[in-house]
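Today I sat down with this model and went through a few points that might be handy at the bench. Here are my notes, in the order I looked things up.

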Amino acid sequence: RETDKTKTLLDDYKGYLVSDGYAGYDDLANKGIKIQRCFAHIRRKFYDIVKVLPEELRKVSAANEMVKRIDKLFGIETEFKAKKMTPKEIYNSRQSEEYRKIVDNIYDYLHKIKTEDGTPLAAAVNYFLNCEEESKTFLLDGHIPISNNICERAIKPFAIMRRNVLFAKTENGASISGRLFTIIQTAKANGLVVDKYLEYVLEN
């Protein structure tokens, strides 16, 4: 969870970084990097409340209302991708009155939610409030996505691999599993059919 390696990798980088609310990234803002806090992580805090509520309470839930408002934003951003819009077109669309109204509705509602200390709703609201300004960075540039879902999907296999290696019987076995995993992920990254590629490697 330390960010030493991240700081080294981004030492000369000047641009944008999309991340969750982890405070370890805060120092990067002092290096000239603008941070966009991930809306998927923000949404998840509220959705975790909604998914355990009975239907009758869900209808009047502030958490559910916030999820619906954020989903509207995701819906429009999905349309941008479907239309294969350029970053400049996305930026211009984000400046439109219709788009800004959807964004403003999210933040207006955030400040109206009444919470009780120690509740899941209070935790969700405080998480959003703590990264409120950095959650608006995407409005500055059409290149910036509103979530880091692409990265989350990319690293998920590594998280699964890490858990699996914990149960290797020997260090050597874990090392071999890691090497095999590296070959598989590299094959995927290069658009190869993994099982056919492994057959070829083993046979040759």
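**Entry 1: a pocket.** I began with the second largest pocket, which has a volume of about 270 Å³. I am working from a predicted model here, so that goes at the top of my page. I counted 18 residues in the lining of this pocket, and I noted Glu77, Lys81, Arg94, Pro145 and Ile146 as those nearest its centre.

Which helices supply at least two residues each to this lining? I found helix H4 (62–82), helix H5 (87–94) and helix H8 (149–165). H4 gives the largest share, with 5 residues. I also sorted the lining of this pocket by character: 8 residues are nonpolar, 5 are polar and 5 are charged.

**Entry 2: cysteines.** Next I searched the whole structure for disulfides and found 0. Why is Cys131 not in one? Its closest cysteine sulfur is that of Cys38, and because the two sulfurs are 9.4 Å apart, they are too far from each other for a bond. A disulfide would need the sulfur atoms within 2.5 Å.

I then checked Cys151 in the same way. Its closest cysteine sulfur is also in Cys38, at 9.5 Å, so this pair is too far apart for a bond as well.

Are these two cysteines buried or exposed? Cys131 is buried, with a relative accessible area of 5%. Cys151 comes out as partly exposed, at 43% relative accessibility.

**Entry 3: Ala154.** I stayed with helix H8 for a moment, since Ala154 has its place there. I wrote Ala154 down as partly exposed because its relative accessibility is 45%, between the 20% and 50% limits. I also looked up its distance from Asp11: the two residues are 143 apart along the chain, and their C-alpha atoms are separated by 23 Å.

**Entry 4: Ser19.** Last, I turned to strand S1 (residues 16–19), where Ser19 lies. Ser19 counts as buried because its relative accessibility is 3%, and the limit for that class is under 20%.

What does the side chain of Ser19 join to by a polar contact? I found the side chain of Arg37, with a polar contact of 3.1 Å. Leaving aside neighbours within four places in sequence, I listed the contacts of Ser19 as Tyr25, Ile35, Gln36, Arg37, Cys38 and Asn148. Cys38 is familiar from my cysteine entry, where its sulfur was the closest one to that of Cys131.

Key. Residues are numbered from 1 along each chain as its sequence is written. This is a predicted model: local features need pLDDT of at least 70, side-chain atom pairs count only at pLDDT 80 or more; totals for chains, interfaces and linings use all residues. Side-chain values use heavy atoms; hydrogens and water are left out. On a 1 Å grid over the protein atoms alone, a cavity is a set of points where a 1.4 Å probe fits but cannot get out, and a pocket is an open set with protein on both sides within 12 Å along at least five of seven lines; lining residues have an atom within 4 Å of a point. Grid points are joined across faces, edges and corners, and a volume is the space filled by probe spheres set on the points. Helices (H or I, at least four residues) and strands (E, at least two) are DSSP runs, numbered from the N terminus. Ala, Val, Leu, Ile, Met, Phe, Trp, Tyr, Cys and Pro count as nonpolar, Asp, Glu, Lys and Arg as charged, and the others, Gly among them, as polar. Buried means under 20% relative accessible area, exposed over 50%, partly exposed in between (1.4 Å probe, protein chains only). A polar contact is a pair of N or O atoms within 3.5 Å; within protein, one must be able to donate a hydrogen and the other to accept it, and residues adjacent in sequence count only if both atoms are side-chain atoms. Contact means heavy atoms within 4.5 Å.
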